[in-house]
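Reader: Got a minute for charge pairs? Here's the model I'd like to go through.
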Amino acid sequence: MEAEDQVVEEVLDNEDDDESLFQDIDMLQNHGINVADIKKLKQAGICTIKGIQMTTKKRLCNIKGISEAKMEKIKEASGKLSDAGFLTALEYADKRKQVFRISTGSQEFDKLVGGGMESMAITEAFGEFRTGKTQLSHTLCVTTQLHGDNGYTGGKVMFIDTENTFRPDRLRAIADRFNLDQSAVLDNVLYARAYTSEHQFELLDFVAAKFYEEPGVFKLLIIDSIMALFRVDFSGRGELADRQQKLAQMLSRLQKISEEYNVAVFVTNQMTADPGATMSFQADPKKPIGGNILAHASTTRLSLRKGRGENRIAKIYDSPDLPENEATYAITAGGIADAKE
């Protein structure tokens, strides 16, 4: 259908505007850094000047072929190219105008999250099975490609699947609901299956490289679910500290990618029974896994629970700028939609 081609064409037109989002790492050539070293940085998923600032000296030295002297030289050159650390709140507010929001498919849900899933932020949705986490992920794959408010022109999606729950046929049904061409919608979703927590982390280097190659084209990164593989790869209390350290590194990388390339990051999470909750007489003795590390890394946390029939209830669990509130939505053949009264 023409509508979908139009989305992608407009996205490509917008590429030039988004070039200014980041400074290319190739600019280091003018400051005495050779092409071979820049290539090594790109292979490690560092493609922008901001990316160098976001990387520790230790990690730079761990890149094969980058010595301590080279690392110091690279850091110094990137320091010259980047702005000073501080902005006024007014300047930062101006920068925040680049932030866009992606519809969830339900108007009530959109109102709850301030207009949709926010870019330059990590939105986490957690709940038990059958609360609509994966359905929300699939719906977002399609709604990201639609035109939105405030000049949002739509874009492509990157999907990392850790639980083997991604179904392309589901996207076809949701595309029909929005009158979009099925093949074009599927063509705009880049899918990867992660098999271990290490593989999941390595895929983020590919994600960063792709966002760099096609600036402004990708608008959303989905990980469904963020913790599943960490639960498998690390077991027992003895490995908990190691698991949380690896998780913290991955979430830090996600946050940096979302800010560096102005994309929205949506992750789903699982629940666990809370053995200590029975002592405090909580109504629902379950909590999201991942501990404080994940709690602090997510910008907005959404708690999803079952309602009557096909209805589900979303609640703002934690957010820097949204009030604690609830919204009811439904899971339909066409994805997430408003609940029928």
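Author: Sure. This is a predicted model. Start with R305 and E326: their side chains form a salt bridge, N to O at 3.1 Å.

Reader: Which elements do R305 and E326 lie in?
Author: R305 is in strand β10 (residues 300-306), and E326 is in strand β12 (residues 326-332). So the pair ties together parts 21 residues apart in sequence.

Reader: Is R305 buried or exposed? And E326?
Author: R305 is partly exposed, at 35% relative accessible area. E326 is partly exposed too, at 41%.

Reader: OK, what about R101 and E118?
Author: Those side chains also meet in a salt bridge, 3.3 Å from N to O. R101 sits in strand β1 (residues 101-102) and E118 in strand β2 (residues 117-118), so this pair links parts 17 residues apart in sequence.

Reader: How does E118 count, buried or exposed?
Author: Buried, because its relative accessible area is 8% and the cut-off for buried is under 20%. Its partner R101 is partly exposed, at 27%.

Reader: Switching to helices. What does E72 pair with?
Author: K57, with the closest N and O atoms 3.7 Å apart. E72 is in helix α6 (residues 68-81) and K57 in helix α5 (residues 57-62), so the bridge ties together parts 15 residues apart in sequence. E72 is partly exposed at 37% relative accessibility, and K57 is partly exposed at 43%.

Reader: Which residues are linked in a network?
Author: K156, K210, E213 and E214 are, through salt bridges.

Reader: And how many salt bridges in the whole structure?
Author: The search finds 19.

Terms used. Residues are numbered from 1 along each chain as its sequence is written. This is a predicted model: local features need pLDDT of at least 70, side-chain atom pairs count only at pLDDT 80 or more; totals for chains, interfaces and linings use all residues. Side-chain values use heavy atoms; hydrogens and water are left out. A salt bridge is a side-chain nitrogen of Lys or Arg within 4 Å of a carboxyl oxygen of Asp or Glu. Helices (H or I, at least four residues) and strands (E, at least two) are DSSP runs, numbered from the N terminus. Buried means under 20% relative accessible area, exposed over 50%, partly exposed in between (1.4 Å probe, protein chains only).
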